[in-house]
Amino acid sequence: MGSFKRIGVARVLAAVLLFAFAAFVLLSFSKEAFDAKALLFMALVMLLILVQHMLLAWLLPHGDRLMAMLVSFLMTVGLVIQYRLNSSNALNQLVFSCIGIVAMLIMLVLMKKPVVMLYLRIPAAIASVGILLALLFIGKEYGGAVNWISIAGIMFQPSEFVKVAMILILAGSMSEKTEVKKLIMPTLFAVTVAALLVIQRDLGAAMLMAMVYLTMFYASTGKLGTTLLGAAACGAGATASYFIFGHVRRRVAVWQDPWATYSTSGFQIAQGLMAIASGGLWGMGLGEGSPKLIPAYQTDYIFAVICEEFGIVFGIGIMAIYLLIVIRGCMTALNSNNRFVSLCAFGASALIAVQAFIIIGGVIKLIPLTGITMPYVSYGGSSLIACMMLHGVLQSAADYNGRMLERELYDEQYGADNGYDEYDDEAGDDGAYEYSGEGEA
């Protein structure tokens, strides 16, 4: 069975590499003059995919290889589209991808010792609130939200990393306490984070944080009534935001009828819908569309660009990939015997699911549009690095489960305490065990 899984993943890896090869070869011939840089960029992208695969295989023997390949495919699609739109931005995105892999490796190291993450949750909570408070005074406005910081001319969004911290903080608190009355502090933390984001007018991120908190709360406590009460409170907050913020009212009005204000505020939604429709089922072909007619085509509306050039069927396939990642992440959470690891995996899966739903739903006019990025695909360093950190959390959880299963199977065959040694006494029952090789029959 193990060899079958490896063969399956090898085929997926080959398919991802083949997609990158074919896409960049097409891009090299898409202009009037042959673009040799496209082939060089293709080689770098394929090397990045291989390096990520080998690092995970080396560091995490029990990691989720299929999930890693699905994430690599999404990153490849993003890099292909970015190069098609702007080669300079594509190079920046490639650099961000490399930094993202480093961030993923850092998460792998930290998650190896769950007890360390439990100790870090309080400092992380203080730092998260402090960063969001500081943005009220030093943050720069971009896209209507005052949540950006510029360092040496490079803009980044700290709230993206607060999302990751929030999952680890909530998982740490909820892993120790399950009664609703004992979860007041993590609830206050989540409310504070969401409130600060609302004040910064980053309503998309606030909605994302609130939804992730509610899903983690329900997974931790199983209290459906309390969860629904929390959802009602979030609904009341959203309604209040509608009356408080004028740009929220404008977005809702545009969502209801973008054609009424086509030449002004409705232009983005209308152009996105026309781009998706013009692509049809199978797309106009890579390099054949007109994506630059859509505002924010590299970030918020990259899904419309994908559908225009690759087709609606391909777009549905992208949504299916997100669904597979989320399902495998949730299965990892369900199979874990460590509550903290389980909640971390579930929270990371929920964040990816909600973020993908919000942005894709906004592009196809299912819900009002909010300014968040499409995980692993949209242009932006902060978002991509944060998403790779989430990937690191999921891979660590999968590897943890595999190590625990291997230990259980060994104990069943050879007896307990005959070959496995606990290498971290402080970890308690966090399951941090390593095979010593002794006592083998």
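Start by selecting helix α5 (residues 114-138; helices here are DSSP runs of H or I, at least four residues, numbered from the N terminus): the largest share of a nonpolar patch, four residues, comes from this helix. Now show Leu133, Leu136, Phe137, Ile138 and Ile199, which make up that surface patch of about 530 Å². Patch members have over 30% relative accessible area (Shrake-Rupley, 1.4 Å probe, with only the protein chains shown as cover) and no salt bridge (Lys or Arg side-chain nitrogen within 4 Å of an Asp or Glu carboxyl oxygen), and nonpolar side chains are joined within 5 Å. Phe137 sits in α5.

A quick note before moving on: this is a predicted model, with local features needing pLDDT of at least 70, side-chain atom pairs pLDDT 80 or more, and totals for chains, interfaces and linings using all residues. Numbering runs from 1 along each chain as its sequence is written, and side-chain values use heavy atoms, without hydrogens or water.

Next, pick α8 (residues 203-221) and α9 (residues 224-244), whose axes (lines fitted to C-alpha atoms over the stretch in contact, with angles from 0 to 180 degrees between N-to-C directions) are 9 Å apart at about 170 degrees. The two are therefore roughly antiparallel (over 145 degrees). Contacts (heavy atoms within 4.5 Å) include Phe217 and Tyr218 of α8 and Cys234 of α9.

Last stop: α3 (residues 65-85) and α15 (residues 381-414), also at about 170 degrees, axes 11 Å apart. Among the residues in contact, look for Met75 of α3 and His391 of α15.

Notes:
Patch = residues over 30% accessible without salt bridge, like charges linked within 9 Å, V, L, I, M, F, W, Y side chains within 5 Å. Parallel < 35°, antiparallel > 145°, perpendicular 65-115°, else oblique.
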